[in-house]
Amino acid sequence: IRYPNIYGIDIPTRKELVAYERDEDEIAKKLGCDWIVYQRLNDLEDSVREAGENPEQAYESSCFSGTYVTGESINDPYFSKLHDLRNDMAKLERQESTAAAKMGLPPGSHDGCENLSNDKRGTPRTG
């Protein structure tokens, strides 16, 4: 998968996909493989058509091709907005703020369990 899906499947933004701006050798290295092989998309679609009941069937394969049936291009502002809303950091921030609000904690709190390095009271002295 090289591109995000914009039709309801929660696939990460393209920058979070392993294939983002990587060639096959880089992807294999990232995955810890000796090599990887991609099937040609038209061959995949042809084999599915052949096995199916409707040989004229078209498939929504934008996550493989980057070609969207609604006409969007991967460089459109729409995708930048999706990235801002759906990337892992944005999701984490929303989850943390929602959980904190439910507990009555201030934004940025970690369920009241703060790292000791955040303690601004200073180091206690032993006498």
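**Salt bridges, helices and surface of a predicted model**

Guide: E24 is partly exposed, with a relative accessible area of 35%, and this value, like the others discussed here, comes from a predicted model.

Visitor: Which residue forms a salt bridge with E24?

Guide: E24 lies in helix α1, whereas its partner is placed in the segment before α1, so the pair ties together parts that are 22 residues apart in sequence. The partner is itself partly exposed, at a relative accessible area of 24%. The closest N and O atoms of the two side chains are 3.6 Å apart, and the residue that E24 meets in this way is R2.

Visitor: How many salt bridges does the structure hold?

Guide: The pair of E24 and R2 is a salt bridge, and R49 takes part in others, among them one with E45 at 3.8 Å from N to O and one with D46 at 3.0 Å between the closest N and O atoms. For the structure as a whole, the number of salt bridges is four.

Visitor: Which residues are joined into one network by salt bridges that share partners?

Guide: R49 forms a salt bridge with D46, and the side chain of R49 also meets that of E45 in a salt bridge. R49 and E45 both lie in helix α2, which spans residues 41–51, and they stand four residues apart, about one turn of the helix; R49 and D46, being three residues apart in α2, are likewise separated by about one helical turn. Because R49 is a partner in the bridge to D46 and in the bridge to E45, the network consists of E45, D46 and R49.

Visitor: Of R49, E45 and D46, which counts as partly exposed?

Guide: The cut-off for a buried residue is a relative accessible area under 20%. R49, at 17%, counts as buried, and E45, with a relative accessible area of 16%, is buried as well. At 41% relative accessibility, the residue that counts as partly exposed is D46.

Visitor: How wide an arc around the axis of α4 do its buried residues cover?

Guide: Helix α4 runs over residues 77–86, and F79, L82 and R86 are buried in it. They are on the same side of α4 because the arc that they cover around the axis is only 55°.

Visitor: Which residues are exposed on the other side of α4?

Guide: The buried residues F79, L82 and R86 are on the same side of the helix. Over on the other side of α4, the exposed residues are P77, K81 and D84.

Visitor: What is the area of the nonpolar surface patch that includes I1?

Guide: I1 is found in the segment before α1, the helix of residues 24–31, and it is partly exposed, with a relative accessible area of 43%. The other members of the patch are L44, V48, Y59 and F64. Together with I1, these residues make a nonpolar surface patch of about 400 Å².

Visitor: What share of the accessible surface of the protein chain belongs to carbon and sulfur atoms?

Guide: Buried residues make up 20% of the 127 residues in the protein chain. The accessible surface of the chain comes to about 10,000 Å², and the share belonging to carbon and sulfur atoms is 52%.

Visitor: What pattern does the protein chain follow when read along the sequence?

Guide: The secondary structure comes to five helices and zero strands. Read along the sequence, the chain therefore follows, with helices as DSSP runs numbered from the N terminus, the pattern α-α-α-α-α.

Note on methods:
Residues are numbered from 1 along each chain as its sequence is written. This is a predicted model: local features need pLDDT of at least 70, side-chain atom pairs count only at pLDDT 80 or more; totals for chains, interfaces and linings use all residues. Side-chain values use heavy atoms; hydrogens and water are left out. Helices (H or I, at least four residues) and strands (E, at least two) are DSSP runs, numbered from the N terminus. Buried means under 20% relative accessible area, exposed over 50%, partly exposed in between (1.4 Å probe, protein chains only). Accessible areas come from the Shrake-Rupley method with a 1.4 Å probe; for residues, only the protein chains shown count as cover. Patches are made of residues with over 30% relative accessible area and no salt bridge: like charges are joined within 9 Å, nonpolar side chains (Val, Leu, Ile, Met, Phe, Trp, Tyr) within 5 Å. The arc is that of the directions from the helix axis to the C-beta atoms.
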